[in-house]
Every structure is written in structure tokens, then in C-alpha cells.
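Here is a short report for a reader who is new to this structure. Look over the sequence and the fold first, then read on.

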Amino acid sequence: MNLSDLIQYIKDFWNDGWEKKALIVMGVVVLIILVYAYNPFYARTNITGNEDSQIGPATPVPVTTPNTGTVGSNNSTNSTDNVTYLISEEQAKRIALQGNSGFRAGQPIQGTVVVNQTTTVVWIVPITKASQSRNVYVDVNTGKIVEV
């Protein structure tokens, strides 16, 4: 096949019906979509399952602390509407850093995680060390680290 044969082939193709041209255009469009979707030229980092099992920050579950106020003769007690958690943010930071030497703790946020079909209210404590970072989930009621 020489250059003149190639030119003749292109002319014949161009003069053929619109069906061939539409099929070629559709093939090119599908190829572009596939390259865009799977993009082999851009390396993605692996995503671990820890963040997937986290449910976004939810409304906190209050834990009322018993009042040790005096009881009057009319069977009424002094009550307060204080809502506190058994584990504070600072305690959650310390708990998260106990088994992770060299890490620094960020600002904890309130959230929930589901483990074995049980929803647990936790402090989500981000910890970092050099280029490593991860979240530690500390139960607000018991202070135990929740494995996700």
C-alpha cells in the first residue's frame, strides 16, 4: 500500500454513508469516557476502610451526671440540666496517644461509629506523625478505644 492508495481509501471512506462516520464518532466518544473514568495516567492512593465506616458527626447523646445535692423534706431534689460526657475532649486526646508514641493529637470531634451492628458515640481524635495520619475512636462513656 502506497500513499496514493491511502489517500484514495480516505476519500472513499469520506464519501461513504453517514453510518460509518457516526459509528467512528461514537467509538471515539466511548474511548474518551473510558480513559477519563479509569485514567491510567494518574496514580490514585489506596483508600482504607476506616473512613468508610465512620458516620458523620451526629447529635451528641447526653449522659446526665447524678446530682449529689441535698434532699429536702418534701422529697424534691436540687436538679441541674448539665449534660456532660464521662470522657472529655482532653481525656480522649490522652487516651488516643497512649498506644501511639510519637504522634500528635488534633482537635477531637463528636461522632458515631457502627461496629457489629452497634452504634457507639465516640470522640474522633485525629493523630499525626510526620506524613502519617489516622483517626482514633474513643468511646465517650467508657474511654476505651473502639476498633473500626
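How many bridges join strand 6 to strand 7? Eight bridges join them, and the two strands run antiparallel. The model is a predicted one.

**The chain as a whole**

The protein chain has three helices and eight strands. From the N terminus on, the order is α-α-β-β-β-α-β-β-β-β-β. The chain has 148 residues, and 18% of them count as buried. It exposes about 11600 Å², of which carbon and sulfur atoms supply 58%. Take the contacts between residues at least 6 apart in sequence: 43% of them join residues at least 24 apart.

**Strands and hairpins**

Strand 6 covers residues 118-129. Strand 5 (109-115) comes before the loop that leads to strand 6. These two strands pair in the antiparallel sense over seven bridges. One bridge partner is known by name: Thr-112 is matched with Val-121 in strand 6. Strand 6 also pairs with strand 7, again antiparallel. There, Ile-127 has Arg-134 in strand 7 as its bridge partner. Strand 7 (132-139) is followed by a loop and then strand 8 (145-146). Strand 7 and strand 8 are antiparallel too, with two bridges. Val-138 stands opposite Ile-145 of strand 8.

Each of these pairs forms a hairpin. The table sets out the turns.

| Hairpin | Residues between the strands | Turn residue with positive phi |
|---|---|---|
| Strand 5 and strand 6 | two residues | Asn-116, about 50° |
| Strand 6 and strand 7 | two residues | Ala-130, near 55° |
| Strand 7 and strand 8 | five residues | Gly-143, about 80° |

Most residues other than glycine have a negative phi. Ala-130 is not a glycine, yet its phi is positive, about 55°. It sits in the loop between strand 6 and strand 7. Is Ala-130 buried or exposed? It counts as exposed, at 87% relative accessibility. Gln-117 is a further case: a positive phi of about 60° in a residue that is not a glycine. Gln-117 belongs to the loop between strand 5 and strand 6. It is exposed as well, because its relative accessible area is 81% and the cut-off for exposed is over 50%.

**The nonpolar cores**

Which residues make up the largest nonpolar core? There are twelve: Ile-87, Ala-92, Ile-95, Ala-96, Phe-103, Val-121, Trp-123, Val-125, Ile-127, Val-136, Val-138 and Val-140. Helix 3, strand 6 and strand 7 each give two or more residues to this core. Strand 6 gives the most, with four residues. Another core lies apart from it. That one has five residues, among them Val-113, Ile-124, Tyr-137 and Val-146.

Phe-103 belongs to the largest core. Leaving out residues up to four places away in sequence, Phe-103 touches Leu-97, Ile-127, Thr-128, Lys-129, Gln-132 and Arg-134.

**Helix 3 and its salt bridge**

The structure holds one salt bridge. It links Lys-93 with Glu-90, and the closest N and O atoms are 3.7 Å apart. Both residues lie in helix 3 (residues 89-98). They are three residues apart, about one turn of the helix. How do the two partners compare in exposure? Lys-93 is buried, because its relative accessible area of 18% falls under the 20% limit. Glu-90 is partly exposed, at 46%.

**A loop residue beside the helix 3 region**

Lys-144 lies in the loop between strand 7 and strand 8. It counts as exposed, with 60% relative accessibility. Lys-144 and Ile-95 are 49 residues apart in sequence, but their C-alpha atoms are 7.9 Å apart in space. Setting aside neighbours within four places in sequence, Lys-144 is in contact with Tyr-137, Val-138 and Asp-139. Val-138 is part of the largest core, while Tyr-137 is part of the other core described above.

**A nonpolar patch on the surface**

Which residues make the nonpolar surface patch of about 690 Å²? They are Met-1, Leu-3, Leu-6, Ile-7, Tyr-9 and Ile-10. Leu-6 is found in helix 1 (residues 3-15). It is partly exposed, with a relative accessible area of 37%. Leu-6 can join a patch because patch residues need over 30% relative accessible area, and its value is 37%.

How values were computed:
Residues numbered from 1 in each chain as written. Predicted model: local features only at pLDDT ≥ 70, side-chain atom pairs only at ≥ 80, totals over all residues. Heavy atoms only, no water. Patch = residues over 30% accessible without salt bridge, like charges linked within 9 Å, V, L, I, M, F, W, Y side chains within 5 Å. Areas by Shrake-Rupley, 256 points an atom, 1.4 Å probe, with all protein chains shown as cover. Salt bridge = Lys/Arg side-chain N within 4 Å of Asp/Glu carboxyl O. Buried < 20%, exposed > 50% of the residue type's maximum accessible area, 1.4 Å probe, protein only. Contact = heavy atoms within 4.5 Å. Core = buried A, V, L, I, M, F, W, Y, C linked by side-chain atoms within 4.5 Å. Pairing = 2+ DSSP bridges.
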